[in-house]
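Visitor: I would like a close look at one part of this model, and then its setting in the rest of the chain.

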Amino acid sequence: MAHKEDHRSHRTGWLRAAVLGANDGIVSTASLIIGVAAAHIGREDILLAGIAGLVAGAMSMAAGEYVSVSSQADTENADIALEQRHLKEDLDFEFEELAEIYIKRGIQPELAKQVAKQLMTHDALGAHLRDELGIYERISAKPIQAAFTSAAMFTVGAAMPLIATFAAPTAQIIPIVASFSLFSLAILGALAAYLGGANILKGTIRITFWGTLAMGLTAAVGRLFGIVV
């Protein structure tokens, strides 16, 4: 039977954006709703605040992800251009540099030089990007993917406390939204840990702890000041 390895590092780009978006959608929208409800505001105003938070948050997440990941992509592209220039100007030095990398990893010098020569003959730029700079195509920055994934998942996450707000009796909005949101966060933490190959219990506890803290602090502000927060 053939041995199969199920690595997960190729998921890091979209998984990070998806988890961040969904988590922020649930936590920020639930906290906003709970804070407003704690200030004794009517259901219509609570829903309006939640919907406005969803739209603003989704756009903010998209813009933030696009800008931050674009900055990462710009840095990667600058390194690629620099490495291309180095390969064009001093190929011998780049060969020795690559061989030295393999020697430091434990390969015998003669074999390291053979490996470096063969890899540079096949794809000199790719070899240096991988082994010198740590840039891999499967995990390189993808701004558009990150922006759309984060915005979409923020919308999905924010919809959870909004649905709970719409369905709950006015007097029970805070406990129902808090409970439903924490349940959603637990599911998100478990799913993210499973997809990333991490400890499911640890991932679930981590995400629900911070969600509980955010909602509790926002509720305290709403009760303390009696204003929309």
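Visitor: Which residues gather in a patch of negative charge on the surface?

Guide: The model is predicted, so local features need pLDDT of at least 70 and side-chain atom pairs count only at pLDDT 80 or more, while totals for chains, interfaces and linings use all residues. Residues are numbered from 1 along each chain as its sequence is written, and side-chain values use heavy atoms, with hydrogens and water left out.

The negative patch on the surface is formed by Asp90, Asp92, Glu96 and Glu100. Patch residues have over 30% relative accessible area and no salt bridge, with like charges joined within 9 Å and nonpolar side chains (Val, Leu, Ile, Met, Phe, Trp, Tyr) within 5 Å. A salt bridge is a side-chain nitrogen of Lys or Arg within 4 Å of a carboxyl oxygen of Asp or Glu. Accessible areas come from the Shrake-Rupley method with a 1.4 Å probe, and for residues only the protein chains shown count as cover. Asp and Glu count as negative, Lys and Arg as positive, and His and the chain ends are not counted; each charge is placed at CG of Asp, CD of Glu, NZ of Lys or CZ of Arg.

Within this patch, Asp92 lies in helix H3, residues 91-104. Asp92 counts as exposed because its relative accessibility is 61%; exposed means over 50%, buried under 20%, and partly exposed in between.

Helix H3 belongs to a chain with seven helices and zero strands. Helices (H or I, at least four residues) and strands (E, at least two) are DSSP runs, numbered from the N terminus.

A second surface patch is nonpolar: Tyr66, Val67, Ile144 and Phe148 make up about 430 Å². H2 and H5 each supply at least two of its residues. Val67, in helix H2, is exposed because its relative accessible area is 52%.

As for the interior, 38% of the 229 residues count as buried. The largest nonpolar core has 28 residues, of which Ile33, Ile34, Ile46, Ile173, Val177 and Leu185 touch the most other members. At least two core residues come from each of H1 (12-38), H2 (43-89), H5 (143-167), H6 (173-196) and H7 (200-225), and H1 gives the largest share, nine residues. Such a core is a set of buried Ala, Val, Leu, Ile, Met, Phe, Trp, Tyr and Cys residues joined through side-chain atoms within 4.5 Å.

Between H1 and H2, the loop holds Ile41, which is partly exposed because its relative accessibility is 24%. Ile41 and Gly222 are 181 residues apart in sequence, and their C-alpha atoms are 10.0 Å apart in space.

Notes. Buried < 20%, exposed > 50% of the residue type's maximum accessible area, 1.4 Å probe, protein only.
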